[in-house]
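Colleague: I've got the model open and would like a close look at a single part of it, the sheet. Could you walk me through how the strands are put together and what sits around them?

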Amino acid sequence: MAIFRDGLFFWGEMMNSEKLKETLSEALAEARVAPDIEGLEHVRIKYLGRKGLLPGVMKGLGGLPPAERGEMGKLANRLKTELGGLLDQRREELESGAMGNVSFDFTLPGAWHAAGTRHPIARVIEDAAAIFARLGFTVAQGPDVETAYRNFEALNTPDYHPSLDEQDTFWLESGDLLRTQTSPVQIRVMESTQPPIRVITPGRCYRRDTTDATHSASFHQIEGLYVDTRVSLADLKATMGYFAREMMGPGVGVRFRPHFFPFTEPSVECDFSCHVCAGKGCRVCKFSGWIEIAGAGMVDPRVFKKVGYDPTAVTGFAFGMGVERIAMVKYGIPDIRMLYDNDIRFLKQFA
Ligand code: PHE
């Protein structure tokens, strides 16, 4: 430090009141971001230490013109009290383990956020959509809140059918309901489109089921509908066979068992041969070699009449299957509730 007649020099620069004001805010900023006690001590030594800025300024004050002296004196005082106070406060914070509000290390690597993985339910729906797209099916969707007409009546389900019971369906006060199946989307598509039709309709459904390892009051279905002039049960079987192989693996086959649905005639239950044991019998297929996957059948002519199609001119097949069920047998998930728990340890296994 050197004192000349025309001013006070410090660290090679002339220290006038302007410069000292700047230096004061720098000093305060340095004290705020000092990461640890050692850092604080450096700041203290640099500005307030015996060979630091403050004693130098104090010493030089006497040589300044009186007009400057007062201002510089005030600033030197502020340096002492404001910086001194801040250093004490920060030291206490650091000692008590509290984070100073601006004390962080900008050089630390940033927080890394893992990209999410597809949920198994979304994965089955997207994979199924891609498989059926190769057969010319597009995707149609409908609302979760449905009219009783589309969910039951248009699907040839009489009002005395047990599925309309209070026990089985969530009825809304308006008289509408939470759809119990994705089949009403068939009705919506046929109401608004003329054949030929090839759609799948993935979506959420609701039933008043008590939750257990294989049931959930809210679950997902994928419905399929194909209407044209000469659609047959053989087309249905070939379609389900293609889907089974693409979804579960090349060796998987299908079989039909007679069944009943109000909106298809004839109706079948469609089983896939077990992809785990190749039909020999294992725990996944409950030692039967077959896994029940879908309900299906030829669209009942009465349904065609409801949507204004000529049942003598068109035929069609429809099928419906549970998305959770496919996910569970495909990925070996033992309990349906695991799909809804949002446990990241479980979900991140599905890329
Ligand atoms: N909607 C039926 C169910 O939920 C499944 C199904 C769809 C059956 C289409 C035949 C045709 O059980």
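Modeller: Let's start with β8, which is mostly covered: 10 of its 11 residues are buried. Bear in mind that this is a predicted model.

β8 belongs to an open sheet of 7 strands, and the order across that sheet is β4-β7-β8-β12-β11-β10-β9, with mixed pairing. As a general reminder, strands in a sheet pair through backbone hydrogen bonds, in either a parallel or an antiparallel sense. On one flank of β8 you have β7, joined to β8 by 10 bridges and running antiparallel. If you want a residue pair to click on there, Y206 stands opposite S218 in β8. On the other flank, β8 pairs with β12, again in the antiparallel sense, over 8 bridges. A handy marker for that pairing is I222, whose bridge partner in β12 is M321.

Now go out to the borders. The edge strands are β4 (138–139) and β9 (254–261), and each of them pairs on one side only. Helix α5 (residues 120–133) packs on the sheet, where it touches β4, β7 (197–206), β8 (218–228) and β12 (315–322). The direction of α5 makes about 10 degrees with that of β8.

At the β9 end, a hairpin of 2 residues joins β9 to β10. Those two strands run antiparallel, with 7 bridges between them. F261 stands opposite T264 in β10, which gives you a pair to look at there. One step further in, strand β10 (residues 264–273) is joined to strand β11 (residues 290–299) by 8 bridges, and this pair is antiparallel too. Here D271 stands opposite E292 in β11.

β10 also has a backbone feature you'll want to check in your own setup. The peptide bond between E265 and P266 is cis, with omega about -5 degrees, and P266 lies within strand β10 itself. There's a second cis bond, from P195 to P196, with omega near 0 degrees. P196 is found in the loop between α7 (183–192) and β7. For context, most peptide bonds are trans, and most residues other than glycine have a negative phi.

That brings us to the phi outliers. F287 has a phi near 60 degrees, a positive value in a residue that isn't glycine. F287 is found in the loop between β10 and β11, and this residue is exposed, with a relative accessible area of 61%. N342 also has a positive phi, about 60 degrees, although N342 is not a glycine. You'll find N342 in the loop between α10 (323–331) and α11 (344–347). At 57% relative accessibility, N342 counts as exposed.

The cysteines deserve a look before you assign any bonds. The structure holds 0 disulfides. C274 is in no disulfide, and the nearest cysteine sulfur, that of C277, is 3.6 Å away. C274 is buried, with a relative accessible area of 1%. For C282, the closest cysteine sulfur is likewise in C277, at 3.6 Å. A disulfide needs the two sulfur atoms within 2.5 Å, so the sulfur of C282 is too far from that of C277 for a bond. C282 counts as buried as well, at 12% relative accessibility.

One more spot to inspect is E146, found in strand β5 (residues 145–146). The residue is buried, with a relative accessible area of 1%. The side chain of E146 is joined to that of R188 by a polar contact of 2.7 Å. Leaving out residues up to four places away in sequence, E146 touches N151, D176, L177, R179, P184 and R188.

Finally, zoom out. The domain assignment gives domain 1 (2–100) and domain 2 (120–350). The C-alpha centres of domain 1 and domain 2 lie 77 Å apart.

Key:
Residues numbered from 1 in each chain as written. Predicted model: local features only at pLDDT ≥ 70, side-chain atom pairs only at ≥ 80, totals over all residues. Heavy atoms only, no water. Buried < 20%, exposed > 50% of the residue type's maximum accessible area, 1.4 Å probe, protein only. Pairing = 2+ DSSP bridges. Helix = DSSP H or I, 4+ residues; strand = E, 2+ residues; numbered from the N terminus. Contact = heavy atoms within 4.5 Å. Axes fitted to C-alpha atoms, helices over the stretch in contact; angles between N-to-C directions. Domains from an automatic or database assignment. Polar contact = N/O pair within 3.5 Å; in protein donor to acceptor, adjacent residues only side chain to side chain.
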